[in-house]
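Me: I am new to this structure and would like a close look at a single part of it, followed by an account of its surroundings. Please explain each term when it comes up.

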Amino acid sequence: QVQLVESGGGLVQAGGSLRLSCVASGLTFSRYAVGWFRQAPGKERERVVANSWSGRVTYYADSVKGRFTITRDNAKNTAYLQMNSLKPEDTATYFCAAADYGSSAGPFNYWGQGTQVTVST
């Protein structure tokens, strides 16, 4: 059974940093593309950052370029999202997702339960 578990969310002031973690089980992590998505209340879910299964291709949404970084440790079945210079508009529930031999665009068929990030002014 595949499971993705996010952690690391919380409340932070604007300009601060957070690092989210996504621990996967039940799959061979190195075969999977990994993506971080977010959804704010009343808004559609958006792809924030995603890394192809090979690690060669990484997508960043324009809104987070230069501030967010995705990394992965295949040996630990863990992906990270380092978020710096956070802004109030980054407030959302953040989800990690995995795609078997997927590209940075997915298709993502496994999802975590989400972790809340709140950025205060």
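What is the relative accessible area of Gly55?

Reply: Gly55 has a relative accessible area of 38% and is partly exposed, a class that lies between buried (under 20% relative accessible area) and exposed (over 50%), with a 1.4 Å probe and protein chains only. The model is predicted, so that local features need pLDDT of at least 70 and side-chain atom pairs count only at pLDDT 80 or more, while totals for chains, interfaces and linings use all residues. Residues are numbered from 1 along each chain as its sequence is written, and side-chain values use heavy atoms, with hydrogens and water left out.

Gly55 sits in the loop between strand E5 and strand E6 (58–60), where strands (E, at least two residues) are DSSP runs numbered from the N terminus. Although 49 residues separate Gly55 from Ser104 in sequence, the two are 8.9 Å apart in space, C-alpha to C-alpha.

From this loop one can step back to E5, which covers residues 46–51 and pairs with E4 in the antiparallel sense over 5 bridges; two strands pair if DSSP finds at least two bridges between them. Trp36 has Val49 in E5 as its bridge partner. E4 and E5 form a hairpin with 6 residues between them, and Gly42 in the turn has a positive phi of about 80°. E4 also pairs with E9, again in the antiparallel sense, over 8 bridges, and there Val34 stands opposite Ala98. Of the 8 residues of E4, 7 are buried, so this strand is largely enclosed by the rest of the structure.

Trp36 leads on to the largest nonpolar core, which has 28 residues and in which Trp36, Phe68, Leu81, Met83 and Tyr94 have the most contacts. Such a core is a set of buried Ala, Val, Leu, Ile, Met, Phe, Trp, Tyr and Cys residues joined through side-chain atoms within 4.5 Å. Among the elements that give two or more residues to this core are E3, E4, E5 and E8. Apart from this core lies another, of 6 residues, including Ala33, Phe37, Ala50 and Phe108. Leu81, leaving aside its neighbours within four places in sequence, is in contact (heavy atoms within 4.5 Å) with residues that include Leu18, Trp36, Val49, Phe68 and Tyr94.

E3 and E8 also belong to an open sheet of 4 strands in the order E1-E3-E8-E7, with antiparallel pairing. Its edge strands are E1 and E7, each of which pairs on one side only. E1 (residues 3–7) and E3 (residues 18–25) pair over 5 bridges, with Leu4 opposite Ala24 and Ser7 opposite Ser21. E3 and E8 (residues 78–83) pair over 6 bridges, and the partner of Val23 in E8 is Thr78.

Thr78, at 6% relative accessibility, counts as buried. Not counting residues up to four places away in sequence, Thr78 touches Ser21, Cys22, Val23, Phe29, Arg72 and Asp73. A polar atom of the Thr78 side chain lies 2.8 Å from the backbone oxygen of Lys76.

Technical notes:
Polar contact = N/O pair within 3.5 Å; in protein donor to acceptor, adjacent residues only side chain to side chain.
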